[in-house]
Amino acid sequence: MQIDIFGSVEETPVTKKRRRSTTPPRKRATSKKKAAPTVFVDEKEGITMRHQNASKSMPDHMLLLCPEYDPTTDELLLDWDENTLLELWDGMLNEHLKQLRQTKPGSATRLEILEWQQSESFKDLCAAIAYRPEDIRDGVLAALQNYDTVAETRSIINMLVKLDSKVVKAVEDAELTHRECNSRRFKDQLADWFLTEFRKCKSSSKKWIKISTLMHSDELRDLASQIGMDMSGVINRIKPKMYFIQNPEDAEFDV
């Protein structure tokens with residue numbers, strides 16, 4: 001035992017002898033490195049990529065569906081000619097525009113993508129497929145404005161048909177005037193919504209009556225009036241189509 005100056009007692013730990021293990025030590029699994037593809041570049045023909053030991057780095061089902069795979073040598077040979085490279089660059093630009101379309105106004109993702117359109121890499125991409133970067137940027141801004149307008153209109157229409165009183169605040173926040181809410185764009189969108197619902201429920205009289213009741217309800221008329229929309233203009237767009245929804249065989253006479 002050991003006694004310290006404060007009078008406390010500590011027992012010295014007794015070291016136990018370790019028993020020798022009779023089982024052989026386990027071998028550590030060595031991670032196999034994936035073979036890197038070998039690339040050959042030919043300025044005239046394009047790019048040829050030879051991927052050796054392809055079965056070790058790609059699933060079998062992908063290799064079976066890939067005609068460029070040779071099972072005898074376990075190699076994947078990819079030939080990228082000029083047309084293939086142009087399709088690749090064009091596909092990258094289309095994917096970029098598709099992602100941009102899915103962003104919301106003022107979001108960080110949209111700002112990041114728009115900022116990339118000012119970079120040298122974007123200019124190089126446009127040059128590779130013979131596009132002018134300024135034309136792409138101008139077209140993107142015009143398309144985004146159109147997408148945002150359609151999404152904004154759809155959101156307000158969805159709130160109207162749900163008789164959600166928050167639509168008045170949504171219109172104010174969007175700084176939309178009564179004249180804009182009573183425009184052809186809003187009336188056509190609301191009329192299209194009712195026509196779609198009537199087509200869905202033409203075989204169910206109960207659902208048909210429910211949609212018709214909503215269309216002529218005082219609640220919807222009053223709520224639409226608060227944002228400046230005249231429901232009579234919407235109903236006038238719907239009435240000429242109602243007969244042909246119930247009688248599709250006569251649709252060819254619709255003028």
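This report walks through the helices, salt bridges, surface patch and backbone angles of a single chain.

**Overall picture**

The model is predicted. Its chain holds 11 helices and 6 strands. Of the 255 residues, 25% count as buried. The chain exposes about 19,600 Å², and carbon and sulfur atoms supply 52% of that area. If you like contact maps, here is a handy number: among contacts with a separation of 6 or more, 51% are between residues 24 or more positions apart.

**Helix H2, face by face**

Let us begin with H2, which runs over residues 82-101. H2 has 20 residues and spans 29 Å from its first C-alpha to its last, close to the 28 Å expected at 1.5 Å a residue. Which residues of H2 are buried? They are Leu85, Leu93, His96 and Leu100. Seen down the axis of H2, these buried residues fall within an arc of 75 degrees, so they line one face of the helix. Asn83, Glu87 and Arg101, on the other side of H2, are exposed.

A nonpolar patch on the surface is formed by Leu86, Leu88, Trp89 and Met92, with about 320 Å² of accessible area together. Leu86 belongs to helix H2. With a relative accessible area of 33%, Leu86 is partly exposed, and patch members need over 30%.

H2 also carries a salt bridge between Glu95 and Lys98, with the closest N and O atoms 3.8 Å apart. The cut-off for such a pair is 4 Å, so the 3.8 Å between Glu95 and Lys98 falls within it. Both residues lie in H2, 3 residues apart, about one turn of the helix. An α-helix has 3.6 residues a turn, so residues three or four places apart point the same way. Glu95 is partly exposed at 36% relative accessibility, and Lys98 is partly exposed at 47%.

**Salt bridges elsewhere**

The whole structure has 8 salt bridges. Three of them are set out here, with the atom distance for each pair.

| Pair | Closest N to O distance |
|---|---|
| Glu95 and Lys98 | 3.8 Å |
| Glu120 and Lys123 | 3.7 Å |
| Arg237 and Asp188 | 2.7 Å |

Glu120 and Lys123 both sit in helix H4 (residues 120-128), 3 residues apart, about one turn of the helix. Glu120 is exposed, at 54% relative accessibility, whereas Lys123 is partly exposed, with a relative accessible area of 34%.

Where in the chain do Arg237 and Asp188 meet in a salt bridge? The side chains of Arg237 and Asp188 come to 2.7 Å, N to O. This pair links distant parts of the chain, with Arg237 in helix H11 (residues 231-246) and Asp188 in helix H8 (residues 184-200), 49 residues apart. Arg237 counts as partly exposed at 30% relative accessibility, and Asp188 also counts as partly exposed at 30%.

Salt bridges also link Arg132, Glu134 and Asp135 in a network.

**Helix H10 and its neighbours**

Helix H10 covers residues 218-226, and its buried residues are Leu220, Leu223 and Ala224. They cover an arc of only 100 degrees around the axis, which puts them on the same side of H10. What do the buried residues of H10 pack against? Their partners are H5, H6, H8, helix H9 (205-215) and H11. After H10 comes Gly228, whose phi is positive, near 100 degrees.

**Positive phi outside glycine**

Most residues other than glycine have a negative phi. Asp74 is not a glycine, yet its phi is positive, about 55 degrees. Asp74 is found in the loop between strand E5 (69-70) and strand E6 (75-80). Is Asp74 buried or exposed? At 15% relative accessibility, Asp74 counts as buried, since the limit for buried is under 20%.

Leu163 has a positive phi as well, near 55 degrees. The place of Leu163 is the loop between helix H5 (133-161) and helix H6 (167-173). Leu163 is partly exposed, with a relative accessible area of 38%.

How values were computed: Residues are numbered from 1 along each chain as its sequence is written. This is a predicted model: local features need pLDDT of at least 70, side-chain atom pairs count only at pLDDT 80 or more; totals for chains, interfaces and linings use all residues. Side-chain values use heavy atoms; hydrogens and water are left out. Patches are made of residues with over 30% relative accessible area and no salt bridge: like charges are joined within 9 Å, nonpolar side chains (Val, Leu, Ile, Met, Phe, Trp, Tyr) within 5 Å. Accessible areas come from the Shrake-Rupley method with a 1.4 Å probe; for residues, only the protein chains shown count as cover. Helices (H or I, at least four residues) and strands (E, at least two) are DSSP runs, numbered from the N terminus. Buried means under 20% relative accessible area, exposed over 50%, partly exposed in between (1.4 Å probe, protein chains only). The expected span of a helix is 1.5 Å times one less than its number of residues. The arc is that of the directions from the helix axis to the C-beta atoms. Contact means heavy atoms within 4.5 Å.
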